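Please walk me through this structure, beginning with the ligand and its surroundings and ending with the way the chain is divided into domains.

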Amino acid sequence: MMPTRWDLLLTHANLASFAGDMPFGLIEDGALACADGRIAWIGPMRELPPGASATHVEDLGGALLTPGLVDCHTHLVFGGNRANEFDMRLNGASYEDIARAGGGIVSSVRATRAASEDELFAQSLPRARALLADGVTTLEIKSGYGLETETERRMLRVARRIGSELGITVRTSFLGLHALPPEYKERRDDYVTLVCDTMLPELAAEGLIDAVDAFCEKIAFTPAETRRLFERATQLGLPVKLHAEQLSDQGGAALVASFHGLSADHLEHLGDTGIAAMAEAGTVAVLLPGAFYALRETRLPPVAALREHGVPMAVATDCNPGTSPLLSLRLAANMACTLFRLTPEEALRAITVDAARALGLDDRGTLAVGQRADLVRWNAKHPAELCYWIGGSLARTIYRGGCAIPA
Ligand code: DI6
Ligand code: FE
């Protein structure tokens, strides 16, 4: 039943709904109504029910309206930054060289451990604001720069605080298996045990964890260690995802797929077995062109094969201090087109509906009746413009649950 009066009615919009059969799910000269934070009606202007009314009515004058963007892979809570490593890398040091020399993730761990909760919040909030200003209304944030219980807890609490401060959805991922902390150098097993048997259950019991992630790589954790973590996560009823096949093929994608994981992320070194396993399990491929670009990687993720096997592809910023200091999801989509050859339509689905899927969320990412009214009105007319412009600011009004978020 249609409410007698909607809360919000947006008229004369170009609606990129990412639903239906049209490219981009485009509805030209459309209207969209919200009630109780949800989309209550969507369609062409000419089909708007006669006498439809709303508390607020806005004529968009042909402007583009899309779902709020979803950044499904970030590490944006951290202390300090690593601008010094940028210089080292430009002088020829590889990511692995830097990590083995005691820099890399471990240097962010030092800075994060040293920051109080308020300091960490103050340093991280502007990064989330930058993403929001560019249209992001749902954001995943990982832990993984604490590597001991107290700091991992602090990171996750800061992530939750960012969500309430900005009025956006933050989904947290516990990334205790991100790097081996220096104090456990000779005791790998003890660290994995600490993560699986203490940190994970404790922080999960505090309601701080929405999903469990790991870095499965030669310089990080083995498939066997990752499996241990995933078994524990599964016992606790938490979904899993994985940094897989970023620097080498460890069989991580097949491993996470065998746990019906939400996503396998990075994937430059993904092979056929992994692709088949992901297709079978419905695990989303999260492509991270910011890290590819910043590391001057030359090996491309197997986009054509993923497409052929019908594996859904998401794109995210991977916002982190080491390999992807990237603060625009639209720019990530642009890079996914230029560097990875996604079509503009694929790239936009990758930062809306398929990114939502990578977080296990099916109530957002498309414009359809019943979906959350998380919306962005753009200073653009056609959806392709969103991944065509390189940088700049295009978002005009951001709505969360049908309410405009003050800029
Ligand atoms: N892969 C990445 O690209 C980030 N973490 C990971 O597992 C890098 C994190 C960092 O270098 O700080
Ligand atoms: Fe990452």
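A polar contact is a pair of N or O atoms within 3.5 Å, and this cut-off is the one to keep in mind while reading the predicted model shown here. With that in hand, Arg82 can be taken up, since a polar atom of its side chain lies 2.7 Å from an oxygen atom of ligand 1. Asp318 also reaches an oxygen atom of ligand 1, with a polar side-chain atom 3.2 Å away, while a nitrogen atom of the ligand is 3.1 Å from an N or O atom in the side chain of Gln246. Taken alone, ligand 1 exposes 320 Å², and the protein buries 100% of that area.

The wider setting follows from here. Ligand 1 sits in the largest cavity, where it is surrounded by 14 residues, the closest being Arg82, Tyr95, Tyr145, His178 and Thr323. By character, the residues of this shell divide into 4 nonpolar, 8 polar and 2 charged.

Turning to the chain as a whole, the domain assignment gives domain 1, made up of 6–68 + 366–406, and domain 2, which covers 69–358. The C-alpha centres of domain 1 and domain 2 lie 30 Å apart, and the contact between these domains takes 28 residues from domain 1 and 24 residues from domain 2.

Terms used. Residues numbered from 1 in each chain as written. Chains lettered and ligands numbered in written order. Predicted model: local features only at pLDDT ≥ 70, side-chain atom pairs only at ≥ 80, totals over all residues. Heavy atoms only, no water. Near = heavy atom within 4 Å. Polar contact = N/O pair within 3.5 Å; in protein donor to acceptor, adjacent residues only side chain to side chain. Areas by Shrake-Rupley, 256 points an atom, 1.4 Å probe, with all protein chains shown as cover. 1 Å grid on protein atoms, 1.4 Å probe; cavity = no way out; pocket = protein on both sides within 12 Å on 5 of 7 lines; lining within 4 Å. Sits in = over half its atoms within 2 Å of the grid points. Nonpolar A, V, L, I, M, F, W, Y, C, P; charged D, E, K, R; others polar. Domains from an automatic or database assignment. Contact = heavy atoms within 4.5 Å.
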